[in-house]
Amino acid sequence: MDANDFRRIALSLEGAEEGSHMGQADFRVGGRIFATLAAQAQGYGNLMLTPEQQAAFVEELPEVFVPIAGGWGRNGATHVRLAAANEDLLAGALRVAWKLRLEKNAKSGRKNGIRRKRKPVAKARPRKR
(Lines give C-alpha, C1' and ligand atoms only; values in the text may rest on other atoms or scores of the structure.)
Protein backbone atom coordinates (compact mmCIF):
# COMPACT_ATOMS: atom_id res chain seq x y z
CA MET A 1 0.00 0.00 0.00
CA ASP A 2 1.06 3.60 -0.50
CA ALA A 3 -0.22 7.13 0.12
CA ASN A 4 -2.50 6.97 -2.94
CA ASP A 5 -4.13 3.80 -1.62
CA PHE A 6 -4.55 5.41 1.82
CA ARG A 7 -6.19 8.46 0.18
CA ARG A 8 -8.48 6.33 -2.02
CA ILE A 9 -9.68 4.19 0.89
CA ALA A 10 -10.14 7.15 3.25
CA LEU A 11 -12.20 9.04 0.67
CA SER A 12 -14.38 5.98 0.02
CA LEU A 13 -15.84 6.28 3.53
CA GLU A 14 -19.21 8.01 3.69
CA GLY A 15 -18.93 11.75 4.18
CA ALA A 16 -15.11 11.76 4.09
CA GLU A 17 -13.40 14.78 2.59
CA GLU A 18 -9.77 15.63 2.02
CA GLY A 19 -8.44 18.78 3.62
CA SER A 20 -5.10 20.16 4.63
CA HIS A 21 -3.58 20.76 8.03
CA MET A 22 -0.24 22.55 8.24
CA GLY A 23 0.40 21.79 4.57
CA GLN A 24 -0.28 18.05 4.89
CA ALA A 25 -3.25 16.06 3.57
CA ASP A 26 -5.87 15.13 6.13
CA PHE A 27 -9.17 13.29 5.96
CA ARG A 28 -12.23 14.57 7.76
CA VAL A 29 -15.79 13.62 8.44
CA GLY A 30 -18.13 16.27 9.75
CA GLY A 31 -15.27 18.74 9.47
CA ARG A 32 -13.07 16.86 11.97
CA ILE A 33 -9.88 14.88 11.24
CA PHE A 34 -9.86 11.09 11.48
CA ALA A 35 -6.66 10.37 9.48
CA THR A 36 -3.73 12.18 7.88
CA LEU A 37 -0.83 11.70 5.51
CA ALA A 38 1.41 14.02 7.56
CA ALA A 39 4.20 11.41 7.65
CA GLN A 40 3.85 10.01 4.12
CA ALA A 41 7.48 10.92 3.34
CA GLN A 42 8.48 8.38 6.02
CA GLY A 43 6.07 5.79 4.58
CA TYR A 44 3.29 6.29 7.14
CA GLY A 45 -0.37 7.14 7.19
CA ASN A 46 -1.78 8.33 10.52
CA LEU A 47 -4.96 7.34 12.32
CA MET A 48 -6.70 9.17 15.15
CA LEU A 49 -7.67 6.38 17.55
CA THR A 50 -8.33 6.04 21.26
CA PRO A 51 -5.37 4.90 23.38
CA GLU A 52 -7.19 1.58 23.90
CA GLN A 53 -7.73 1.04 20.17
CA GLN A 54 -4.11 1.97 19.51
CA ALA A 55 -2.88 -0.56 22.09
CA ALA A 56 -4.97 -3.32 20.50
CA PHE A 57 -3.69 -2.55 16.98
CA VAL A 58 -0.05 -2.29 18.12
CA GLU A 59 -0.27 -5.48 20.18
CA GLU A 60 -1.75 -7.48 17.32
CA LEU A 61 0.42 -6.10 14.48
CA PRO A 62 3.46 -4.20 15.78
CA GLU A 63 5.10 -4.44 12.36
CA VAL A 64 2.25 -2.35 10.89
CA PHE A 65 1.04 -0.04 13.68
CA VAL A 66 3.29 2.28 15.72
CA PRO A 67 2.25 4.95 18.25
CA ILE A 68 3.20 8.47 17.12
CA ALA A 69 5.87 9.90 19.42
CA GLY A 70 4.93 12.27 22.23
CA GLY A 71 1.58 13.49 23.45
CA TRP A 72 -0.26 12.84 20.21
CA GLY A 73 0.70 9.18 20.45
CA ARG A 74 -0.27 8.95 24.12
CA ASN A 75 -3.70 10.24 23.06
CA GLY A 76 -4.09 7.52 20.41
CA ALA A 77 -2.53 8.98 17.25
CA THR A 78 -1.06 6.00 15.41
CA HIS A 79 1.26 5.52 12.43
CA VAL A 80 0.40 2.85 9.85
CA ARG A 81 3.41 1.49 7.94
CA LEU A 82 1.84 1.61 4.50
CA ALA A 83 4.27 -0.82 2.85
CA ALA A 84 3.48 -3.45 5.51
CA ALA A 85 -0.33 -3.12 5.25
CA ASN A 86 -2.69 -4.80 2.82
CA GLU A 87 -5.95 -3.41 1.43
CA ASP A 88 -8.26 -5.13 3.91
CA LEU A 89 -6.13 -4.21 6.92
CA LEU A 90 -5.81 -0.57 5.89
CA ALA A 91 -9.50 -0.29 5.05
CA GLY A 92 -10.46 -1.78 8.42
CA ALA A 93 -8.13 0.51 10.36
CA LEU A 94 -9.35 3.61 8.52
CA ARG A 95 -12.94 2.55 9.16
CA VAL A 96 -12.24 2.33 12.91
CA ALA A 97 -10.79 5.87 12.96
CA TRP A 98 -13.67 7.19 10.80
CA LYS A 99 -16.31 5.58 13.04
CA LEU A 100 -14.65 6.95 16.18
CA ARG A 101 -14.72 10.45 14.67
CA LEU A 102 -18.42 10.08 13.81
CA GLU A 103 -19.15 9.03 17.40
CA LYS A 104 -17.17 11.96 18.83
CA ASN A 105 -18.93 14.36 16.48
CA ALA A 106 -22.32 13.10 17.66
CA LYS A 107 -21.36 13.47 21.34
CA SER A 108 -20.08 17.02 20.85
CA GLY A 109 -23.34 18.14 19.29
CA ARG A 110 -21.73 19.00 15.98
CA LYS A 111 -23.84 18.85 12.89
CA ASN A 112 -21.76 18.51 9.72
CA GLY A 113 -18.74 19.72 11.68
CA ILE A 114 -20.16 23.16 12.43
CA ARG A 115 -20.53 24.31 15.99
CA ARG A 116 -23.97 25.50 16.89
CA LYS A 117 -24.07 29.22 17.47
CA ARG A 118 -25.09 30.22 20.92
CA LYS A 119 -27.57 33.01 21.42
CA PRO A 120 -25.87 36.11 22.70
CA VAL A 121 -26.27 36.68 26.39
CA ALA A 122 -27.57 40.11 27.29
CA LYS A 123 -25.04 42.00 29.36
CA ALA A 124 -26.22 43.48 32.60
CA ARG A 125 -26.48 47.23 32.55
CA PRO A 126 -24.74 49.13 35.30
CA ARG A 127 -27.14 50.45 37.93
CA LYS A 128 -27.69 54.14 38.26
CA ARG A 129 -27.09 55.43 41.76
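**View 1. The side chain of Asn86 reaches the backbone nitrogen of Asp88 at 3.1 Å.** This close-up, like the others here, comes from a predicted model. A second backbone nitrogen, that of Leu89, is reached by the Asn86 side chain at 2.7 Å. Where along the chain does Asn86 sit? Its place is in the loop between β6 and α4, and α4 spans residues 87–108.

**View 2. Asn86 and Asp5 come from distant parts of the sequence.** Although 81 residues separate Asn86 from Asp5 along the chain, their C-alpha atoms are 9.8 Å apart. Is Asn86 buried, partly exposed or exposed? It counts as partly exposed, because its relative accessibility is 45% and that class lies between 20% and 50%.

**View 3. Thr36 lies in strand β3, which covers residues 32–36.** Thr36 counts as buried because its relative accessibility is 9%, under the 20% limit. Its side chain makes a reach of its own, to the backbone nitrogen of Ala38 at 3.3 Å. Which residues does Thr36 touch, leaving aside those up to four places away in sequence? They are Phe6, Ala25, Asp26, Phe27, Gly45, Asn46 and Met48.

**View 4. The largest pocket holds about 540 Å³ of space.** Here we meet Thr36 again: among the 23 lining residues, those closest to the pocket centre are Ile33, Thr36, Met48, Trp72 and Ala77. Two or more lining residues come from each of β2 (24–29), β3, β4 (44–48), β6 (77–81) and α4 (87–108). Which element gives the largest share of the lining? That is α4, with four residues. By residue type, the lining divides into 13 nonpolar, seven polar and three charged residues.

**View 5. Stepping back, the chain has four helices and six strands.** Reading from the N terminus, you will find the elements in the order α-β-β-β-β-α-β-α-β-α. Of the 129 residues, 36% count as buried, and Thr36 is one of the buried residues. How much of the contact network joins residues 24 or more positions apart? Such pairs account for 50% of the contacts with a separation of 6 or more. The accessible surface comes to about 8800 Å², and carbon and sulfur atoms hold 52% of that area.

Definitions and conventions
Residues are numbered from 1 along each chain as its sequence is written. This is a predicted model: local features need pLDDT of at least 70, side-chain atom pairs count only at pLDDT 80 or more; totals for chains, interfaces and linings use all residues. Side-chain values use heavy atoms; hydrogens and water are left out. Buried means under 20% relative accessible area, exposed over 50%, partly exposed in between (1.4 Å probe, protein chains only). A polar contact is a pair of N or O atoms within 3.5 Å; within protein, one must be able to donate a hydrogen and the other to accept it, and residues adjacent in sequence count only if both atoms are side-chain atoms. Contact means heavy atoms within 4.5 Å. On a 1 Å grid over the protein atoms alone, a cavity is a set of points where a 1.4 Å probe fits but cannot get out, and a pocket is an open set with protein on both sides within 12 Å along at least five of seven lines; lining residues have an atom within 4 Å of a point. Grid points are joined across faces, edges and corners, and a volume is the space filled by probe spheres set on the points. Ala, Val, Leu, Ile, Met, Phe, Trp, Tyr, Cys and Pro count as nonpolar, Asp, Glu, Lys and Arg as charged, and the others, Gly among them, as polar. Accessible areas come from the Shrake-Rupley method with a 1.4 Å probe; for residues, only the protein chains shown count as cover.
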